[in-house]
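This briefing is meant for someone meeting the structure for the first time. Please look over the sequence and the model before reading the notes, which are grouped by topic.

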Amino acid sequence: MIILQRYTDNPRVTATELSSELKISKNAVIERIKMLKKKKTILASTCFPNYFRLGFSQYILFISSSKIFQDPDFVKKIELDSVVEILSLLGKYNIYIKFISPNERHKQEFLEKNIALLEAEDYELIPITHYDLIPAKKYKKEKKEIPIKYLPSNSQQPKFEFDSLDLDILEELSKDSEQSLVFISDKLNISPQVIAYRFKRLIRENVILRFYGYTDIFNSFHQLYFLRFELAKPTESLKLFKQFIADYCIQDISLLNHKKNFFCTLESASRKDMLSSIQNLLSINKYVKSIEIDIFMNQLYYNFFPKIIKRYSEK
């Protein structure tokens with residue numbers, strides 16, 4: 001499980017680094033990772049771009065629709081060019097769509113089209129203002145202080161001045177973040193030195209938020225829960241945001257420009273652990289007014305480098 005967790009936190013970690021950290025042979029690490037991939041516990045590796053820095057707004061669209069039961073292939077009918085992720089849920093809503101948008105007109109067109117397509121009985125469109133993917137587990141385990149820079153992605157950040165090469169590198173890493181920079185340089189026919197410089201700059205400028213190893217959550221006997229919080233005092237949201245990062249079950253957190261102004265993904269081995277985590281989180285902040293919980297059922301689609309990024313950037 002330690003290898004799986006480290007891979008999830010950063011799939012670019014090398015077998016040599018893991019071998020040194022875990023005090024086991026490099027070959028043992030390689031064999032374990034091969035086995036996890038063969039069993040499809042490890043599914044893929046990707047990178048999360050900072051869409052705000054690329055000039056895009058982020059939204060979550062929650063939909064309640066019976067279409068998901070009537071038409072299992074409904075995802076194929078959705079215009080996916082701007083979609084980051086589609087999930088099926090169990091709860092108030094049964095469809096979760098995360099998408100990015102370059103402007104208000106595009107956002108409205110996307111909303112109207114998909115509300116009609118999915119014959120939504122109810123929906124909520126929620127703008128994201130802050131997004132955090134810091135793997136907090138290691139900080140809690142090692143009893144280290146959470147880094148001061150705990151808001152790596154927010155809507156107030158200026159647009160990064162990028163070019164087509166930056167986008168090519170981001171696209172390659174989103175397809176497979178385990179690729180070496182030398183391999184990417186061969187693929188793009190650009191010198192390794194240039195690729196290495198651009199890669200470091202993308203990280204330094206906070207355009208790459210994090211590398212991530214996708215795993216089959218059910219294969220690891222865990223469950224994901226999506227929690228939406230309403231705060232009695234919204235001005236406390238940043239403070240609560242930082243406190244939530246320290247909880248070892250939290251995977252990612254979003255601050256929202258919405259009455260449900262706080263959203264997080266919580267990973268838990270059991271319902272009991274999930275409730276315990278929520279109680280711990282509530283005990284550290286008195287301003288939580290209400291909570292809505294949806295249970296993750298299945299990932300129907302993901303692409304962390306949607307086509308609209310290149311298409312809109314070329315205009």
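Is Arg201 buried or exposed? With a relative accessible area of 17%, Arg201 falls under the 20% limit for a buried residue and is therefore counted as buried. The model is a predicted one, and the points below take up Arg201 and its contacts, then the nonpolar cores, helix 5 and the salt bridges.

**Arg201 and its surroundings**

- Arg201 is part of helix 9, which covers residues 192–204.
- When neighbours within four places in sequence are left aside, the residues in contact with Arg201 are Phe160, Glu161 and Asp166.

**Nonpolar cores**

- The largest nonpolar core has 45 residues, and the members that touch the most others are Leu54, Phe62, Leu170, Leu173 and Ile309.
- Leu170, one of these, touches Cys47, Leu54, Leu202, Val207, Ile208 and Phe305 once residues up to four places away in sequence are not counted.
- There is also a second core, separate from the largest, which has 17 residues, among them Tyr59, Val75, Ile95 and Ile115.

**Helix 5**

- Helix 5 runs over residues 104–117, and its 14 residues should span 20 Å at 1.5 Å a residue, which agrees with the 20 Å that separates its end C-alpha atoms.
- The buried residues of this helix are His106, Lys107, Phe110, Leu111, Asn114 and Ile115; because they cover an arc of only 150° around the axis, they lie on the same side of helix 5.
- On the face turned away from that buried side, helix 5 carries the exposed residues Arg105 and Ala116.
- At the N-terminal end of helix 5, Asn103 acts as a cap, with a side-chain oxygen placed 3.4 Å from the backbone nitrogen of Arg105.
- Just after helix 5, Glu119 takes a positive phi of about 50°.

**Salt bridges**

- Side chains of opposite charge can pair when their charged atoms come close, and the structure holds 18 salt bridges.
- One of them joins the side chains of Lys77 and Asp71, at 2.6 Å from N to O; its two partners are classed separately, since Lys77 has 48% relative accessibility and so counts as partly exposed, while Asp71 has 14% and so counts as buried.
- Another salt bridge, at 2.7 Å from N to O, brings together the side chains of Lys310 and Glu171. Because Lys310 lies in helix 12 (residues 308–313) and Glu171 in helix 7 (residues 164–175), this pair ties together parts that are 139 residues apart in sequence.
- Both partners of that bridge count as partly exposed, Lys310 at 21% relative accessibility and Glu171 at 23%.
- The side chains of Arg228 and Asp294 also meet in a salt bridge, at 2.4 Å from N to O. The pair links distant parts of the chain, with Arg228 in strand 8 (residues 223–231) and Asp294 in strand 11 (residues 288–302), 66 residues apart.
- Where do these two partners stand in terms of accessibility, buried or exposed? Arg228 counts as buried at 0% relative accessibility, and Asp294 is likewise buried, with a relative accessible area of 0%.
- Through salt bridges that share partners, Arg228 and Asp294 belong to one network together with Lys92 and Glu292.

Terms used. Residues numbered from 1 in each chain as written. Predicted model: local features only at pLDDT ≥ 70, side-chain atom pairs only at ≥ 80, totals over all residues. Heavy atoms only, no water. Core = buried A, V, L, I, M, F, W, Y, C linked by side-chain atoms within 4.5 Å. Buried < 20%, exposed > 50% of the residue type's maximum accessible area, 1.4 Å probe, protein only. Contact = heavy atoms within 4.5 Å. Helix = DSSP H or I, 4+ residues; strand = E, 2+ residues; numbered from the N terminus. Expected span 1.5 Å × (residues − 1). Arc of directions from axis to C-beta. Polar contact = N/O pair within 3.5 Å; in protein donor to acceptor, adjacent residues only side chain to side chain. Salt bridge = Lys/Arg side-chain N within 4 Å of Asp/Glu carboxyl O.
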